[in-house]
Amino acid sequence: SPSLARCELTHVAREPIDAARAVAQHDDYEHCLTDLGVEVQSLPPGPDLPDAVFVEDTAIVLDELAIITRPGAPSRRAETATVADALRPYRELASIAAPGTVDGGDVLIVGRRVYVGLSSRTSPSGVEQLQRILAPLRYHVTPLPVNGCLHLKSAVTQIAPNTLLINRDWVDAGAFPNMRLVDIDPSEPHGANALAIGDSVVFPAAYPRTRDRLEELGITVLPVDVSELAKAEGAVTCCCLLVER
């Protein structure tokens, strides 16, 4: 959106955002996805929706259905209508209702377990609704407190089968007892957000030391510059919803 500089911010200081540069970085991000074999479907930018680029927060996509969220920031709730329209051809839709709130960035799906961050954007009522929606599908929903960051996926993401990239200062590592945990480099606290697609990981270019740790594990890392989007408290998972067809 051309109004990106008016985005919601919670844990980072507001800085000037170059919207044109953000558009160019997002184009490079899209090209990275298409190079990985992803078919990209773009939605309109929404001049009055500064945060609309962070489409991940508006829905949770599973094999069986998609859940349209109710974002925690009231300014973002108008984003969900176009996302619902885009997902409807591919999935049955469910939705989070008031007063519950859920941001998709707080939802980490690992197999049949759905970890949900209890953050300033996702409420206990929202988590309870997710539990009711997903219980018949045999998903197990685990709520987790997050501290010092916007979303659960600011603190932990999946980078390979049974393998998570984590910032232990922001989420309790004990919540993942059967997973292989890869720690971010301590100098790069925002480096835990990575987007796994197939055998590759799309990763912010700003965190080279953490990238080195991933490559040492044999993971193919595709760095992308998302520095302008990071000023809006965004990263690489935030800018897409992955839908397997």
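**Aromatic pairs, nonpolar cores and cysteines**

Tyr115 is buried, and Phe176 is buried as well. I begin with these two residues, and I should say at once that the model before you is a predicted one.

The structure contains two aromatic pairs. Tyr115 and Phe176 make up one of them: their ring centres are 4.8 Å apart and their planes stand at 65 degrees, so the arrangement is edge-to-face. Where do Tyr115 and Phe176 lie? Tyr115 belongs to strand E5, residues 113–118, while Phe176 sits in the loop between strand E8 (163–166) and strand E9 (180–183). The pair therefore ties together parts that are 61 residues apart in sequence.

Phe203 and Tyr207 also form an aromatic pair, with 6.3 Å from centre to centre and 65 degrees between the planes, and this pair is likewise described as edge-to-face. Phe203 and Tyr207 are both buried.

One further ring deserves mention. Arg112 lies over the face of Tyr139, at 3.9 Å from the ring centre.

I turn now to the nonpolar cores. The largest of them has 21 residues. Which residues have the most contacts inside this core? They are Leu4, Tyr29, Phe54, Leu195 and Leu229. Two elements give two or more residues to the core, namely helix H1 (19–35) and strand E10 (195–197). Of these, H1 gives the most, with four residues.

Leu229 may serve as an example. Apart from neighbours within four places in sequence, Leu229 is in contact with Leu4, Ala22, Gln25, Val53, Phe54, Gly234 and Cys239. A second core, separate from the one just described, has 17 residues; among them are Val110, Leu144, Ala155 and Val156.

Cys239, a contact of Leu229, brings me to the cysteines. How many disulfides does the structure hold? The number is zero. Cys7 is in no disulfide, and the nearest cysteine sulfur, that of Cys238, is 12 Å away. Cys7 is buried, with a relative accessible area of 1%.

Why is Cys239 not bonded to Cys238? The closest cysteine sulfur to that of Cys239 is the one in Cys238, at 5.9 Å, which is too far for a bond. The cut-off used here is 2.5 Å between the sulfur atoms, so the distance of 5.9 Å does not qualify. Cys239 is also buried, with a relative accessible area of 8%.

To close, I return to the opening residues: Tyr115 and Phe176, both buried, form an edge-to-face pair.

Note on methods
Residues are numbered from 1 along each chain as its sequence is written. This is a predicted model: local features need pLDDT of at least 70, side-chain atom pairs count only at pLDDT 80 or more; totals for chains, interfaces and linings use all residues. Side-chain values use heavy atoms; hydrogens and water are left out. Buried means under 20% relative accessible area, exposed over 50%, partly exposed in between (1.4 Å probe, protein chains only). A nonpolar core is a set of buried Ala, Val, Leu, Ile, Met, Phe, Trp, Tyr and Cys residues joined through side-chain atoms within 4.5 Å. Contact means heavy atoms within 4.5 Å. Rings of Phe, Tyr and Trp (its six-membered ring) pair if their centres lie within 6.5 Å; planes under 30 degrees apart count as stacked, over 60 as edge-to-face and the rest as tilted. A charge sits over a ring if NZ of Lys or CZ of Arg is within 6 Å of the ring centre and within 35 degrees of the ring normal.
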